[in-house]
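Hi everyone, thanks for coming. I'd like to walk you through one protein model today, so have a look at it while I talk.

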Amino acid sequence: MRPVLIAPLALLALPACDTNTIDFAIAPNPVAFGQVDFAVEMPTDGYAPIATSLTNNGTKTVTLTLEDWDSDYLCVQGYSHDNLPGVMAPVDPGAAYVLNIAVCGYLPGERGTEVDTNVTIGTDSTPSTFPIPVTFTPLMSGGDTG
């Protein structure tokens with residue numbers, strides 16, 4: 001709350017608007033890969049990359065950073081997990097930033113079980129971070145359940 005001078009020496013606290021609050025639409029949300037078959041060799045950019053659009057529905061330009069993702073499961077095209085945070089770009093109101101997310105692995109015993117993880121995006125506003133939810137089910141077409 002910000003005090004506002006009403007009369008000499010009289011103060012009244014009025015709620016102030018938070019002009020730093022952002023409004024981003026994520027599409028698709030969640031990033032759902034469905035079943036991912038690990039029987040074939042992994043492509044350079046990972047299995048079945050999905051272009052994920054982050055659209056700024058707010059009224060101010062927001063700078064985005066790629067803060068983190070679980071590298072046991074995912075890879076993000078154009079970014080190295082060793083160089084986080086990764087500056088993405090300033091995104092003007094009405095504009096979008098596209099992030100290509102792919103599945104790159106799974107942990108032992110997870111075949112046939114849906115994996116829930118996320119990619120964390122940082123901002124120079126409020127909130128300071130937000131997640132992009134990601135789901136997939138690892139499979140091996142040969143029927144191995146390991």
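**A walk through the strands**

Let's start with one pair of residues: T55 has A96 in β9 as its bridge partner. That pair belongs to a bigger picture, where strand β5, residues 47-56, and strand β9, residues 96-103, run antiparallel and are joined by seven bridges. Before I go further, keep in mind that this is a predicted model.

So what does the secondary structure of the protein chain come to? Zero helices and 11 strands. If you read along the sequence, you just get β-β-β-β-β-β-β-β-β-β-β.

Okay, on to the sheets. β5 and β9 sit in an open sheet of four strands, in the order β3-β5-β9-β7, and the pairing there is antiparallel. At its edges you find β3, which is 24-27, and β7, which is 74-76, and each of them pairs on one side only. On average, neighbouring strands in this sheet are turned by 25° against each other, if you ignore direction.

Here's a bit of background: strands of a sheet pair through backbone hydrogen bonds, and they can do that parallel or antiparallel.

Now the other sheet I want to show you. This open sheet has five strands in the order β4-β11-β10-β6-β8, and its pairing is mixed. Why is one side of β4 and of β8 left without a neighbour in the sheet? Because β4 and β8 (86-91) stand at the edges, with a single partner strand each. From one strand to the next, the twist averages 30°. For a parallel pair, look at β4 and β11, which are joined by five bridges. If you want a spot to zoom in on, V31 stands opposite V134 in β11.

Next up, the cysteines. A disulfide is a covalent bond between the sulfur atoms of two cysteines. The count here is one disulfide, and it joins C75 to C104, with 1.7 Å from S to S. This pair links distant parts of the chain, 29 residues apart: C75 is in strand β7, while C104 is in the loop between β9 and β10. Is C104 buried or partly exposed? C104 has a relative accessible area of 22%, and buried means under 20%, so C104 counts as partly exposed.

Let's go inside. In soluble globular proteins, nonpolar side chains tend to be buried together. The largest nonpolar core in this model has 33 residues, and L64, L99, V119 and I121 have the most contacts inside it. Take L64: leaving aside neighbours within four places in sequence, L64 touches a list of residues including F24, L54, V87, M88, Y97, I121 and F130. Over the protein chain, 36% of the 146 residues count as buried. And for contacts with a separation of 6 or more, 69% are between residues 24 or more positions apart.

A few backbone details before I stop. N29 and P30 are joined by a cis peptide bond, with omega about 5°, and P30 sits in the loop between β3 and β4. The peptide bond from T126 to P127 is cis as well, with omega near 0°, and P127 is in the loop between β10 and β11. Then there's A48 in strand β5: its phi is near 45°, a positive value in a residue other than glycine.

That's my tour, so questions are welcome.

Notes:
Residues are numbered from 1 along each chain as its sequence is written. This is a predicted model: local features need pLDDT of at least 70, side-chain atom pairs count only at pLDDT 80 or more; totals for chains, interfaces and linings use all residues. Side-chain values use heavy atoms; hydrogens and water are left out. A nonpolar core is a set of buried Ala, Val, Leu, Ile, Met, Phe, Trp, Tyr and Cys residues joined through side-chain atoms within 4.5 Å. Buried means under 20% relative accessible area, exposed over 50%, partly exposed in between (1.4 Å probe, protein chains only). Contact means heavy atoms within 4.5 Å. Two strands pair if DSSP finds at least two bridges between them. Helices (H or I, at least four residues) and strands (E, at least two) are DSSP runs, numbered from the N terminus. Axes are lines fitted to C-alpha atoms, for helices over the stretch in contact, and angles run from 0 to 180 degrees between N-to-C directions. A disulfide is a pair of cysteine sulfur atoms within 2.5 Å.
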